[in-house]
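User: I am new to this structure and would like a close look at a single part. Could you take me through one loop and its backbone, slowly?

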Amino acid sequence: MTADSAPPAPPLISLRGIGKTYGSGTVALAGVDAHIRRGGFVSLVGPSGCGKSTLLRIVAGLITPDTGDLLWPAAGGARPADIGFVFQDPTLMPWARVVDNVWLPLKLRGIAKVDALPRIMNALERVGLVDFARAFPRELSGGMRMRVSIARALVTEPPLLLMDEPFAALDEFTREKLDDDLLDLWSSQRFTVVFVTHSIYESVYLSERVLVMGARPGRILSDIAIDAPYPRGRAFRESHSYVESCAAVGAALREGTAI
Amino acid sequence: MKGDDTLFARILRILVPIAVGIAFLGAWEVLVRVNEIQPFVLPAPSRIWESLVANFGSLMASLWVTLRVTIAAFLLATVGGIGLAVLFSQSRHIEMALFPYAVVLQVTPVVSIAPLILIWVGYDNVEFALLILAWIVAFFPILSNTTLGLRSADHNLRDLFRLYGASRWQVLTELQLPSALPYMLAGMKISGGLALIGAVVAEFVAGSGAATGLAWRIVEAGNRLDIPRMFAALFLLSTLGICIFFGLTLLERRILSRWHESAVKQER
């Protein structure tokens with residue numbers, strides 16, 4: 001089932017024939033086409049080596065594709081100036097307090113701490129870490145560090161949030177909690193999320209659309225819409241449609257890897 | 001502080017080495033007295049102490065010379081090493097061109113270039129020659145450690161800086177230098193000891209009493225077979241080395257502990 005039910009509004013991100021070959025001759029991506037609507041929540045799911053992280057970095061502008069076009073129809077044609085990026089590791093500066101870590105994106109733009117402070121505290125409030133503003137990363141748990149990383153990504157109020165397997169290193173319980181918190185943030189802020197994961201369950205639970213990717217060469221195998229309404233919760237995790245969607249994504253993945 | 005780090009354990013950690021030291025000195029004293037070993041072969045600790053007290057003035061003056069050279073060499077090595085490492089991090093070409101020469105300077109034994117430096121600087125300016133030689137020995141660990149540290153900044157953080165359009169200067173000051181700090185401090189700890197070794201070795205080579213640091217006192221006492229005084233100078237040298245090591249360890253702990261445990265106290 002390919003989701004051609006795209007709304008008439010122009011997509012935020014439009015990928016056309018994106019290809020990337022690394023110096024070693026590894027074809028990371030070949031002919032990737034995808035359109036992501038503004039305000040959407042899209043997951044990229046696939047085995048390791050399928051180029052999903054590469055694709056995310058191309059969208060961020062950290063990697064230049066060899067072929068194809070990356071267009072921003074709904075953003076006036078150019079990549080938005082503010083993009084939030086969350087890595088698999090929290091990627092915090094160990095020498096800086098939580099408040100200073102979250103300040104970083106604004107600091108790099110020359111905004112003084114006093115002027116940035118309301119926004120920093122707002123971002124920390126959204127992830128529930130106001131009380132830990134003065135702490136150093138070392139003093140926090142893995143889940144809390146990841147929240148700081150999300151607060152840092154959100155402090156510039158970006159229209160687009162890119163996440164590269166952000167919760168993969170966390171335990172199941174913390175992961176589910178952060179999944180729910182992320183959905184809450186997304187529902188209230190309505191930024192666009194592109195979420196890379198290798199967990200079928202996580203991709204189905206979170207997103208409106210799952211793009212299933214295959215390896216060698218990296219490409220999109222299928223585009224599966226998850227129609228369940230938001231907010232999603234425990235009820236959705238235990239529902240029949242959730243199980244069905246997981247099965248569909250799983251089948252698409254197996255199809256791709258069997259070839 | 002760790003939970004098992006009780007007051008008792010901490011006292012024990014200081015007391016045990018001291019007790020071992022006292023036992024060692026006691027055994028030494030007894031052995032020398034019982035076997036009636038001559039002081040020009042092996043003086044008893046009490047004799048060494050007497051010599052230290054008797055020659056206190058001249059030994060302290062020499063200690064001051066050695067200390068002065070060591071500290072100046074160490075500070076210049078720190079500034080030079082970090083400065084050159086920053087330059088290397090900014091340009092691969094400069095690094096490619098200069099790093100081999102830094103290595104040449106490092107692998108050439110300081111003893112072998114000492115006579116040359118002494119001739120160039122002149123025997124009426126020996127202390128300056130000592131400074132150059134001690135600096136050569138001390139600066140490489142700081143250079144190589146800092147270079148490594150500047151390069152080892154987390155690559156995801158680098159990407160993040162790029163994503164937010166950070167300037168080269170911002171990457172250097174906000175990311176690379178803080179990342180390099182633990183490496184720098186480790187290099188400084190090695191260099192502190194090396195600066196002292198460099199200063200002493202260079203003075204041995206200079207010889208002839210043109211410089212009057214502790215190394216010269218040792219040579220002089222040896223020539224006169226005044227072994228207690230030789231031991232006294234040696235004792236001062238070791239003490240100086242220990243003080244440098246502990247001073248730098250303390251500095252390292254003070255700066256780096258902000259990243260971990262000590263912050264817990266600031267929370268309250």
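Analyst: Happy to help; here is a walk through one loop of chain A, followed by a short look at its neighbour along the chain. This is a predicted model, in which local features need pLDDT of at least 70, side-chain atom pairs count only at pLDDT 80 or more, and totals for chains, interfaces and linings use all residues. Residues are numbered from 1 along each chain as its sequence is written, while chains are lettered from A and ligands numbered from 1 in the order in which they are written.

Our loop lies between β8 (209–214) and β9 (219–225) of chain A, and A:P217 is found there. Strands here are DSSP runs of E with at least two residues, helices are runs of H or I with at least four, and both are numbered from the N terminus. A:R216 has its place in this loop too. The peptide bond that joins A:R216 and A:P217 is cis, with omega about -5°. A:R216 also has a positive phi, near 50°, although this residue is not a glycine. How exposed is A:R216? It is partly exposed, because 16 other C-beta atoms lie within 10 Å; buried would take 20 or more, exposed 12 or fewer, and partly exposed is in between, with C-beta atoms placed from the backbone.

Now follow the chain past β9. The loop between β9 and α7 (234–237) of chain A holds A:P231. Here the peptide bond from A:Y230 to A:P231 is cis, with omega near -5°.
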